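Take a look at the fold before reading on. The paragraphs below start with a set of packed helices, then widen to the chain and end with single residues.

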Amino acid sequence: MRSFALRRSLPATIVVSIVVIALVVGVVVVAWLPLLAVVIGLVYAWYVRASIIKFERSGASLGTLMLDQFEASGTPKDRQRLITVLDRLSATFGVDEVSAFIVHDAGYNAALVPNGTSLSLFVTDAVMADFELIELEGVVAHCLARHRLGLLNRESVAAVAQLSDDARRTLAGPGSSYRADEVAAAAIRYPLGLAGALFKCARQEPGAGSFFVTETYGKWRWVWFDIWSDRASTDLSDLDDVQLRALALEEW
């Protein structure tokens, strides 16, 4: 994230550098110009550092934003089922302080995102209703695997930062979903459960009222289990495509 932020500030850095150099060279005209150059350089360095820190921390608000976006759902039995799966896998992945939420949506999806200093897991009620236990376990394991791989911060920042779609994908990391599948399948030791969940996602077509066809989802897609829920057709050249991910796990 820091490298990405520094690259974004490169044009301004070049301009400031030119100004500083010009002021240093200007010592032949005015003796105090180098001092001004030092002040400008230090102020700009402080500004860049503060901007990077703010950029890195911006994703921590995503959990709260998601709570505002969705309506709570799920039966007591569903909530207990999800919490049981989450508690067992959290121990496996060495994660704690995760809050679980079942949200109302007809689309199959789930996401683990930062929520302040803790984490929040969001799973749609469609997943809870239609996925087998081993498939639900695969979905939750995938989300926790993203945390183990250190992807959550960069993905959440990519979701909330003011960036173009291409910049969001670059920051989130193309192909990261594929890698998270590998880690998840190794942890649960049953790739076909995760593959089954991915095949179900590949066959779904979210309706007009689903969050997963909205503009907001277009910005937040990088944190979700299925980042291409709104894609009309399969793209087997894309490592993040759910059909390709399922086929890869099936061959494992």
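At what angle do α10 and helix α13 pack? The model is predicted, and in it the angle is about 35°, with the axes 10 Å apart. Helix α13 covers residues 242–251. Helix α10 covers residues 176–188. The crossing of this pair is right-handed. On the α10 side, the contact uses Ser177, Tyr178, Asp181 and Ala185. On the α13 side, it uses Leu244, Arg245, Ala248 and Leu249. By class, that contact has five nonpolar residues, one polar and two charged.

Now bring in helix α11, residues 191–203. Its axis and the axis of α10 come within 8 Å and cross at roughly 135°. That angle makes α10 oblique to α11. Asp181, Ala184 and Ala185 from α10 meet Pro191, Leu194 and Leu198 from α11. Five of these residues are nonpolar, one is charged and none is polar. Asp181 and Ala185 of α10 also appear in the contact with α13.

The third pairing is α11 with α13. What angle separates them? They pack at about 155°, and their axes are 8 Å apart. The cut-off for roughly antiparallel is over 145 degrees, and α11 and α13 are therefore roughly antiparallel to each other. Their crossing is left-handed. From α11 come Pro191, Leu192, Leu194, Ala195, Leu198, Phe199, Cys201 and Ala202. They meet Val242, Gln243, Arg245, Ala246, Leu247, Leu249 and Glu250 in α13. The contact divides into 12 nonpolar residues, one polar and two charged.

One residue recurs in these lists: Arg245. It lies in helix α13. Is Arg245 buried or exposed? At 1% relative accessibility, Arg245 counts as buried. Its contacts beyond four places in sequence include Ser177, Tyr178 and Asp181, and Ser177, Tyr178 and Asp181 sit in α10. Leu198, a residue of α11, also touches Arg245. The other partners of Arg245 are His142, Phe225, Asp226, Leu239 and Asp240.

Helix α11 holds a charged residue as well, Lys200. With a relative accessible area of 18%, Lys200 is buried, since the cut-off for buried is under 20%. Which residues does Lys200 touch, leaving out those up to four places away in sequence? They are Tyr108, Asp130, Phe131, Glu132 and Glu135.

Step back to the chain. It has 13 helices and three strands. Along its principal axes, the C-alpha trace spans about 75 × 35 × 35 Å. There are 252 residues, and 47% of them count as buried. The chain exposes about 12800 Å², with carbon and sulfur atoms supplying 58% of that area. Take the contacts between residues at least 6 apart in sequence: 65% of them join residues at least 24 apart.

Gln69 gives another view of sequence against space. It sits in helix α4, residues 62–69. Gln69 and Thr13 are 56 residues apart along the chain, and their C-alpha atoms are separated by 37 Å. Gln69 also touches Phe211, Thr216 and Trp220, with residues up to four places away in sequence not counted. Its relative accessible area is 38%, so Gln69 is partly exposed.

Finally, check the backbone. Most residues other than glycine have a negative phi. Which sign does phi take at Arg189? It is positive, near 60°. Arg189 is placed in the loop between α10 and α11, and it is exposed, with a relative accessible area of 75%. Glu97 has a positive phi too, near 55°. Its loop runs between α5 (76–93) and β1 (98–103). At a relative accessible area of 54%, Glu97 is exposed.

Terms used: Residues are numbered from 1 along each chain as its sequence is written. This is a predicted model: local features need pLDDT of at least 70, side-chain atom pairs count only at pLDDT 80 or more; totals for chains, interfaces and linings use all residues. Side-chain values use heavy atoms; hydrogens and water are left out. Axes are lines fitted to C-alpha atoms, for helices over the stretch in contact, and angles run from 0 to 180 degrees between N-to-C directions. Helices (H or I, at least four residues) and strands (E, at least two) are DSSP runs, numbered from the N terminus. Angles under 35 degrees count as roughly parallel, over 145 as roughly antiparallel, 65 to 115 as roughly perpendicular and the rest as oblique. Contact means heavy atoms within 4.5 Å. Ala, Val, Leu, Ile, Met, Phe, Trp, Tyr, Cys and Pro count as nonpolar, Asp, Glu, Lys and Arg as charged, and the others, Gly among them, as polar. Buried means under 20% relative accessible area, exposed over 50%, partly exposed in between (1.4 Å probe, protein chains only). Accessible areas come from the Shrake-Rupley method with a 1.4 Å probe; for residues, only the protein chains shown count as cover. A crossing is left-handed if the near helix is turned anticlockwise from the far one by less than a right angle, and right-handed if clockwise.
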